[in-house]
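Please open the model in your viewer and keep the sequence at hand. The tour below proceeds by selections, each followed by a short account of what is found there.

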Amino acid sequence: MYTIARQGSSSADDIIEMARQAGLDADALRVCYEAGTHIETVRFDVTRGAALGVRSTPTYFVGDQVVFNADPNVLRDLIDAELAKLEG
């Protein structure tokens with residue numbers, strides 16, 4: 001199981017095994033990984049996220065606020081407040 005303690009220390013084999021355990025096609029994932037099929041997309045997403053202020057996942061954007069690891073109730077309240085601004 002992937003945990004925050006293992007973040008950044010999982011090998012490709014570890015991640016492929018987690019995918020297999022989740023019911024994904026591990027062989028197809030390995031082929032995709034080894035070919036670098038989506039590496040440019042991942043690099044773009046990482047660069048764009050960093051430029052927007054993303055430091056961790058999950059990160060949410062609510063109006064002009066960047067919200068990190070929000071409790072669902074906090075997130076709901078932020079969204080409700082933003083919707084109220086739009087309606088008001």
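What distance should the 16 residues of helix H4 span, and how far apart are its end C-alpha atoms? Select residues 72-87 of this predicted model. At 1.5 Å a residue, helix H4 should span 22 Å, and its end C-alpha atoms are 22 Å apart, so the two values agree.

Remain at the start of H4 and select aspartate 71 together with asparagine 73. A side-chain oxygen of aspartate 71 comes to within 2.7 Å of the backbone nitrogen of asparagine 73. Next, select arginine 76 and aspartate 77, which form a salt bridge whose closest N and O atoms are 3.9 Å apart. Aspartate 77 counts as partly exposed, at 46% relative accessibility, and arginine 76 is likewise classed as partly exposed, at 45%.

**The whole chain**

Now display the entire protein chain, which has four helices and two strands. Along the sequence, these elements follow the pattern α-α-α-β-β-α. Taken along the principal axes, the C-alpha atoms fill a box of roughly 55 × 25 × 20 Å. The radius of gyration of the protein chain is 18 Å, whereas a compact globule of 88 residues would have one near 12 Å. Buried residues account for 12% of the 88 residues.

**From H1 to H2**

Side chains of opposite charge can pair when their charged atoms come close. The structure holds six salt bridges. For one of them, select arginine 30 and aspartate 13, where the closest N and O atoms are 2.9 Å apart. Which parts of the chain does this pair tie together? Arginine 30 lies in helix H2 (residues 26-35) and aspartate 13 in helix H1 (residues 12-21), so the salt bridge joins parts that are 17 residues apart in sequence.

Colouring by accessibility shows arginine 30 as partly exposed, at 28% relative accessibility. Aspartate 13 is also partly exposed, with a value of 47%. Add Glu34 to the selection: Asp13, Arg30 and Glu34 are linked in a network of salt bridges.

**Along H3**

Proceed to helix H3, residues 39-52. The 14 residues of H3 should span 20 Å at 1.5 Å a residue, and the distance of 20 Å between its end C-alpha atoms agrees with this.

Within H3, select glutamate 40 and arginine 43. Their side chains meet in a salt bridge, at 2.9 Å from N to O. How many residues apart are arginine 43 and glutamate 40 in helix H3? They are three residues apart, and therefore about one helical turn separates them. Glutamate 40 is exposed, with a relative accessible area of 53%, while arginine 43 is partly exposed, with 48%.

Then select Ile39, Val42 and Val46, which make a nonpolar surface patch of about 250 Å². Is valine 46 buried or exposed? Its relative accessible area is 56%; exposed means over 50%, and valine 46 therefore counts as exposed.

The final stop is glycine 53, just after H3. Inspect its backbone here: glycine 53 takes a positive phi of about 100°.

Terms used: Residues are numbered from 1 along each chain as its sequence is written. This is a predicted model: local features need pLDDT of at least 70, side-chain atom pairs count only at pLDDT 80 or more; totals for chains, interfaces and linings use all residues. Side-chain values use heavy atoms; hydrogens and water are left out. Patches are made of residues with over 30% relative accessible area and no salt bridge: like charges are joined within 9 Å, nonpolar side chains (Val, Leu, Ile, Met, Phe, Trp, Tyr) within 5 Å. Accessible areas come from the Shrake-Rupley method with a 1.4 Å probe; for residues, only the protein chains shown count as cover. A salt bridge is a side-chain nitrogen of Lys or Arg within 4 Å of a carboxyl oxygen of Asp or Glu. Buried means under 20% relative accessible area, exposed over 50%, partly exposed in between (1.4 Å probe, protein chains only). The expected span of a helix is 1.5 Å times one less than its number of residues. A polar contact is a pair of N or O atoms within 3.5 Å; within protein, one must be able to donate a hydrogen and the other to accept it, and residues adjacent in sequence count only if both atoms are side-chain atoms. The radius of gyration is taken over C-alpha atoms; the globule rule is 2.2 Å times the number of residues to the power 0.38.
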